[in-house]
Amino acid sequence: MSEVLTPNKVNGIDLDALQDVVAEIQQDPAKALVRFEVSTRWTGQTGSRSTVRGFELGGERIAREFEIVADEPLELLGTNTAPNPQELLMSAVNACMTVGYVAGAALHGIRLTNLEIETTGQLDLRGFLGLDDTIPPGYEQIDYTVRIAGSGTPEQFEEIHRTVMQTSPNYFNLARPIRMNGRLSIG
């Protein structure tokens, strides 16, 4: 009877595949470059539909297709048919950090039983509406709580938490200014 090989998985992460990716990137740093693209079209009132048609990894185009719908609540002049851009922003940072916690735990051999990230932020609409130039249109701070449980020690979870804050792309994107290069095309 032949032995059946099973992938070395923790929390659904294939550790052998992860190690292969790391080794490949260490051998050729150009394979580490990832370019994501999203196209967003107005759908009326405060609604929009964003389309993901693929991304580029190490110079190779990888096709995939998803749609992300956004709207505002009725109280903010929307039709309340989808999350608003602020909720999507928080969802994006939470999802990105979730990947970091799951992968970090897997690398430590920690099996997770729970992982939740709750994020809140308050902004003042006077900034968005241009009613007061002294009020920023966005967040001055965002607060989040990570609830994590599993086979790890408190010290291991603290280490994973610090690592996520150092390596999560969306944590980085929100925690530091990003240069936005906008271009207007009329017509």
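Is Val-38 buried or exposed? In this predicted model, Val-38 has a relative accessible area of 53% and is therefore exposed, since the cut-off for that class is over 50%. Val-38 is placed in the loop between strand 3 (34-36) and strand 4 (39-44). Beyond its neighbours up to four places away in sequence, Val-38 touches Ser-50, Thr-51 and Val-52. The C-alpha atom of Val-38 is separated by 10 Å from that of Arg-49, a residue 11 places away along the chain.

Arg-49 leads to the salt bridges, of which the model has 5. Side chains of opposite charge can pair when their charged atoms come close. Arg-49 forms such a bridge with Glu-67, with 3.2 Å between the closest N and O atoms. Because Glu-67 lies in strand 6 and Arg-49 in strand 5 (residues 47-57), this pair ties together parts that are 18 residues apart in sequence. Arg-49 itself is partly exposed, at a relative accessible area of 35%.

A further salt bridge joins the side chains of Glu-24 and Lys-31, at 3.4 Å from N to O. Glu-24 is partly exposed, with a relative accessible area of 41%, and Lys-31 is likewise classed as partly exposed, with 33%. Glu-24 falls within the range of helix 1, residues 15-27. This helix has 13 residues and reaches 18 Å from its first C-alpha to its last, close to the 18 Å expected at 1.5 Å a residue. The N-terminal end of helix 1 is capped by Asp-14, where a side-chain oxygen lies 3.1 Å from the backbone nitrogen of Asp-16.

Helix 2 (85-107) follows the loop that begins after strand 6 (60-70). With 23 residues, helix 2 reaches 33 Å between its first and last C-alpha atoms, close to the 33 Å expected at 1.5 Å a residue. Asn-84 caps the N-terminal end of helix 2, with a side-chain oxygen 3.0 Å from the backbone nitrogen of Gln-86. Just after the helix, Gly-109 takes a positive phi of about 75°.

The buried residues of helix 2 include Met-90, Val-93, Asn-94, Met-97 and Tyr-101. An α-helix has 3.6 residues a turn, so residues three or four places apart point the same way. Towards the end of the helix the buried set also includes Val-102, Ala-103, Gly-104, Ala-105 and Ala-106. Ala-106 has a relative accessible area of 1% and is therefore buried, as the cut-off is under 20%. Which residues does Ala-106 contact, leaving aside its neighbours within four places in sequence? They are Val-10, Asn-11, Ile-13 and Leu-15. The C-alpha atoms of Ala-106 and Lys-9 are separated by 7.8 Å, although the two residues are 97 places apart along the chain.

Two other buried residues of helix 2, Cys-96 and Met-97, are touched by Ser-168, not counting residues up to four places away in sequence. Ser-168 is found in the loop between helix 4 (154-167) and helix 5 (169-175). Ser-168 is buried, with a relative accessible area of 3%. Its side chain reaches the backbone nitrogen of Tyr-171 at 3.3 Å.

The remaining region lies around helix 3 (125-128), which is preceded by a loop after strand 7 (112-121). Leu-123 lies in that loop and counts as partly exposed at 28% relative accessibility. Apart from neighbours within four places in sequence, Leu-123 is in contact with Gln-86, Pro-137, Gly-138 and Tyr-139. The C-alpha atoms of Leu-123 and Pro-136, 13 residues apart along the chain, are separated by 8.1 Å. Asp-124 meets Arg-126 in a salt bridge at 2.5 Å, N to O. Both partners are partly exposed, Arg-126 at 41% relative accessibility and Asp-124 at 26%.

Finally, a nonpolar surface patch of about 530 Å² is made by Leu-76, Leu-125, Phe-128, Leu-129 and Leu-131. Leu-76 comes from the loop between strand 6 and helix 2. At 36% relative accessibility, Leu-76 counts as partly exposed, and therefore passes the patch cut-off of over 30% relative accessible area.

Key
Residues are numbered from 1 along each chain as its sequence is written. This is a predicted model: local features need pLDDT of at least 70, side-chain atom pairs count only at pLDDT 80 or more; totals for chains, interfaces and linings use all residues. Side-chain values use heavy atoms; hydrogens and water are left out. Patches are made of residues with over 30% relative accessible area and no salt bridge: like charges are joined within 9 Å, nonpolar side chains (Val, Leu, Ile, Met, Phe, Trp, Tyr) within 5 Å. Accessible areas come from the Shrake-Rupley method with a 1.4 Å probe; for residues, only the protein chains shown count as cover. A salt bridge is a side-chain nitrogen of Lys or Arg within 4 Å of a carboxyl oxygen of Asp or Glu. Helices (H or I, at least four residues) and strands (E, at least two) are DSSP runs, numbered from the N terminus. Buried means under 20% relative accessible area, exposed over 50%, partly exposed in between (1.4 Å probe, protein chains only). The expected span of a helix is 1.5 Å times one less than its number of residues. A polar contact is a pair of N or O atoms within 3.5 Å; within protein, one must be able to donate a hydrogen and the other to accept it, and residues adjacent in sequence count only if both atoms are side-chain atoms. Contact means heavy atoms within 4.5 Å.
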